[in-house]
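Reader: Can you walk me through this one? I'd like to start with the ligand site and then look at the empty spaces.

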Amino acid sequence: MPESDAFLARRRDQLSANLERVRTRIAAAARAAGRTDLPELIVVTKFHPAGDVRLLAELGVTDVGENRDQEASAKAAELADLSLTWHFIGQLQTNKAKSVVRYAAAVHSVDRASLVSALAKAVEADSTRDGRPLDCLIQVNLAVHATTGRGGALPAEVASLAELVASSHSLRLAGLMAVAPLGEDPGPAFARLAECAQQLRNSHPRATMVSAGMSQDLEQAVAAGATHVRIGTDVLGPRPRVL
Ligand SMILES: *Cc1c(COP(=O)(O)O)cnc(C)c1O
């Protein structure tokens with residue numbers, strides 16, 4: 001069903017206003033933290049239609065995040081005429097690696113050795129990438145008690161995973177990613193992430209990405225040094241329950 005021009009125009013205005021508010025928040029948080037750099041915005045478009053992503057691109061968004069391969073690959077194919085950078089931010093099964101490397105420039109959710117080898121193999125086998133390495137972020141589980149975590153490697157596992165990524169010529173170790181643990185103050189959790197990120201940079205100076213901060217906690221993440229925030233709800237509104 002083609003959407004009416006009026007609907008599209010209204011949605012565009014809404015997205016534009018939301019984007020402006022989020023960009024203002026990011027800038028204010030950076031200023032408040034005494035930062036002179038501006039964290040980059042990745043708009044998380046999961047569950048929202050490709051039409052929204054197209055509007056976002058028209059509004060200047062360059063980076064989008066998705067967490068399910070089936071949905072992401074369909075959108076990326078539909079929007080192949082746009083020069084968007086796709087970030088894969090969800091839990092990833094090794095059998096989806098082949099598909100993900102076809103459209104994603106970065107995978108933020110690298111959390112185990114088997115996924116590192118699957119991604120490396122997939123990049124090597126993908127003729128469309130022309131040897132362009134895949135940016136990999138190690139996802140860190142920030143929960144104090146790991147069982148309450150929302151995925152990710154334990155902080156103690158980060159160094160060896162990082163070595164594994166760095167030793168692959170088809171992968172580039174880009175940095176770390178984390179989600180604030182549920183039911184915990186995000187501030188101290190992001191401070192632990194900042195510590196892990198510093199340790200990582202000590203041995204891998206170019207692994208500078210720190211992907212942290214969602215709609216609810218972007219200020220705390222920016223205060224703790226996030227270089228990339230991943231914002232869904234506050235740009236696109238609530239996610240539809242069924243796609
Ligand atoms: C959905 C999601 C986001 C965006 O969350 P919002 O609260 O909608 O801003 C960020 N990061 C990850 C890993 C996600 O799955």
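Author: One term to begin with: a polar contact is a pair of N or O atoms within 3.5 Å. Keep in mind that this is a predicted model.

Reader: Fine. How far is the ligand oxygen from the side chain of serine 215?

Author: The separation is 2.5 Å, from a ligand oxygen to an N or O atom of the serine 215 side chain. With the cut-off at 3.5 Å, that pair therefore counts as a polar contact.

Reader: Which other side chains have a polar atom by a ligand oxygen?

Author: Lysine 46 has a side-chain N or O atom 2.7 Å from an oxygen of the ligand. For arginine 239, a polar side-chain atom is 2.8 Å from a ligand oxygen.

Reader: How much of the ligand's accessible area does the protein cover?

Author: 89% of it. On its own, the ligand has 390 Å² of accessible area.

Reader: Who surrounds the ligand?

Author: Val44, Lys46, Ile89, Val179, Met214, Ser215, Arg230, Ile231, Gly232, Thr233 and Arg239. By class, that shell has five nonpolar, three polar and three charged residues.

Reader: Switching to voids. How many cavities of 30 Å³ or more are there?

Author: Two. The second largest holds about 40 Å³ of space.

Reader: What lines that second largest cavity?

Author: Phe190, Leu193, Ala194, Val210, Ala212, Ala221, Ala224, Gly225 and Ala226. Eight of the lining residues are nonpolar, one is polar and none is charged.

Reader: Which element gives the largest share of that lining?

Author: Helix 7, residues 186–203, with three residues.

Reader: And pockets? What volume does the second largest one have?

Author: About 270 Å³. Helix 6 and helix 7 are the elements that give two or more residues to its lining. Helix 7 gives the most, six residues.

Reader: Which lining residues lie nearest the centre of that pocket?

Author: Pro155, Val158, Glu195, Cys196 and Gln199, out of 16 lining residues. The lining of this second largest pocket divides into nine nonpolar, four polar and three charged residues.

Reader: Last topic, alanine 156. Where does it sit?

Author: Alanine 156 is in the loop between strand 5 (134–139) and helix 6 (158–166).

Reader: Is alanine 156 buried or exposed, and why?

Author: Exposed, because its relative accessibility is 76% and the cut-off for exposed is over 50%.

Reader: How far apart are alanine 156 and histidine 228?

Author: 23 Å in space, C-alpha to C-alpha, and 72 residues in sequence.

Conventions. Residues numbered from 1 in each chain as written. Predicted model: local features only at pLDDT ≥ 70, side-chain atom pairs only at ≥ 80, totals over all residues. Heavy atoms only, no water. Near = heavy atom within 4 Å. Polar contact = N/O pair within 3.5 Å; in protein donor to acceptor, adjacent residues only side chain to side chain. Areas by Shrake-Rupley, 256 points an atom, 1.4 Å probe, with all protein chains shown as cover. Nonpolar A, V, L, I, M, F, W, Y, C, P; charged D, E, K, R; others polar. 1 Å grid on protein atoms, 1.4 Å probe; cavity = no way out; pocket = protein on both sides within 12 Å on 5 of 7 lines; lining within 4 Å. Points joined across faces, edges and corners; volume = space filled by probe spheres on them. Helix = DSSP H or I, 4+ residues; strand = E, 2+ residues; numbered from the N terminus. Buried < 20%, exposed > 50% of the residue type's maximum accessible area, 1.4 Å probe, protein only.
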